[in-house]
Amino acid sequence: MAVLELRHLRYLLAVAEHGNFTRAAEELHISQPTLSQQIKQLERTLGVQLLDRTGRTVRLTDTGAVYTDHARRALRDLAAAERAVHDVQDLSRGHLRLGVTPTFTAYLVGPLTAEFHTRHPGISLTLVEMTQDRIEAALLTDDLDLGIAFAGPHLPGITATALFTETLTLVTGPRRSDAGQVSPLPVKELTGQQLALLSGDFATRRHIDAYFTLHRAAPRIGVEANSIQALTEIVQRTGLATVLPDAITHDHPHLTPVPLNPPLPTRTVALLHRKGAYRGAATRSFTRLAHDLVHTRGYRPAP
C-alpha cells in the first residue's frame, strides 16, 4: 500500500471520528481545504461517495461505513507489523502497553513492574488503570498489548489466561490490641450498616453487589470511590468498613479483616489479550514473569 493511500485512510478516519472537517484538520495539523481535497481524491479513486456532507455534521455513507471498518483494521494490522519488525528478541529494547483494573494497582502492579524493569531495563512500559470493559475494548483496537483483570464473560475476540484466585474480605480499621479473634459475621447483619465501596463502574463492585443481593443483605453505601487507596484511607480514619482483596489487607497492618458468613465468592485473576494478536518478546516475557511472580508470592492457584 502506498504512503499516499495510508494518508488518505488516516484522513478519512479523522473526519469520521469528528464529524467535522475543521476539527479533523486541526487534529491532523493540515488545512481544512487540503483535507477536503484529499478526501475527494480518495472518493474519485474508489469511485464511490464515502461522506454525506449535506447535514450540519459530516456523516459516513453506508459505503463509507464499510470502508472505514476495513481501514481501521488495515491500519491496526500495519501497526502490529511494524512492531513485529522492530521487536528485539534479546529484550534489550522494546515497549509494552499494559492495562489493569484498579484492584491490582494496590498490590500486584508494583512487584510486577519492579521485577520486569530489573530484568529488562531497556523496555519501556506504558501502564494505564481503567475498568475491565475499557481494557477489553482497548485490546481489540490494538491500543494495549495485555490486560490484567478477571476471568468471566469477555468481548468476542478476547482471550483470558488464568493467573491466580483472588479472595475478598470485609475490612475495618485498626483493631484494639486486646481484641480477640474476629468471628465470622453473618452477612445479613450488614443490612443498614454503612460501607465504603468502589463505584459501580468497576467489576469488583458488581461482584460485591451480586453477593449482597444473593444473600439478601442491604448495607448502606456511605462512600463510593474510584480508588483502592482512597478506600483504605477512609476505612483507617472512619468507622466505615469496605471490601478488599486479602492481598491488600495483608500489606496494610492498620486494616482488620472481618470474615463473612457465608464468605464472598472467589474470583479468577487473568491476563487478557486479543485473540490472534502479535505477541512480541516483551509481551511474552511479561506473561512468563506474571506466572512466576504469583507462584513465588504464594497466591492461591487458579482452578
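Two strands count as paired when DSSP finds at least two bridges between them. The legends below rest on that reading of a predicted model.

**View 1. Strands E6 and E14 lie side by side in an antiparallel pair.** Strand E6 covers residues 158–166, and strand E14 covers residues 267–274. Eight bridges join the two. One residue pair to look for is Thr159 and His273: Thr159 has His273 as its bridge partner in E14. Strands of a sheet pair through backbone hydrogen bonds, either parallel or antiparallel.

**View 2. An open sheet holds six strands.** Read across, the order is E4-E3-E5-E14-E6-E15. E14 and E6 are neighbours in that order. The pairing in this sheet is mixed. Which strands form the edges? They are E4 (123–129) and E15 (300–301). Each of these edge strands pairs on one side only.

**View 3. Strand E7 is mostly covered.** E7 takes in residues 168–172. Of its five residues, four are buried. E7 pairs with strand E11 and also with strand E12. The next two views take these partners in turn.

**View 4. Strand E11 runs antiparallel to E7.** E11 spans residues 242–245. Four bridges link E11 and E7. Where does Leu168 find its bridge partner in E11? The partner is Pro245.

**View 5. Strand E12 also runs antiparallel to E7.** E12 is made of residues 256–258. Three bridges connect E12 with E7. Within this pairing, Val171 of the E7–E12 contact stands opposite Pro257 in E12.

**View 6. The whole chain gives the setting for the close-ups.** The chain has 11 helices and 15 strands. Its radius of gyration is 24 Å, well over the 19 Å from the globule rule for 303 residues, so the chain is more spread out than a compact globule. The C-alpha trace spans about 80 × 50 × 30 Å along its principal axes. Buried residues account for 42% of the 303 residues. Among contacts between residues at least 6 apart in sequence, 76% join residues at least 24 apart.

**View 7. The chain surface and its charges complete the set.** About 16000 Å² of the chain is exposed. Carbon and sulfur atoms supply 51% of that area. The chain carries 32 positive and 29 negative charges. How far apart are the mean positions of the positive and negative charges? They lie 2 Å apart.

Key:
Residues numbered from 1 in each chain as written. Predicted model: local features only at pLDDT ≥ 70, side-chain atom pairs only at ≥ 80, totals over all residues. Heavy atoms only, no water. Buried < 20%, exposed > 50% of the residue type's maximum accessible area, 1.4 Å probe, protein only. Rg over C-alpha atoms; globule rule 2.2 N^0.38 Å. Contact = heavy atoms within 4.5 Å. Areas by Shrake-Rupley, 256 points an atom, 1.4 Å probe, with all protein chains shown as cover. Lys, Arg positive; Asp, Glu negative; His and termini not counted. Charge placed at Lys NZ, Arg CZ, Asp CG, Glu CD.
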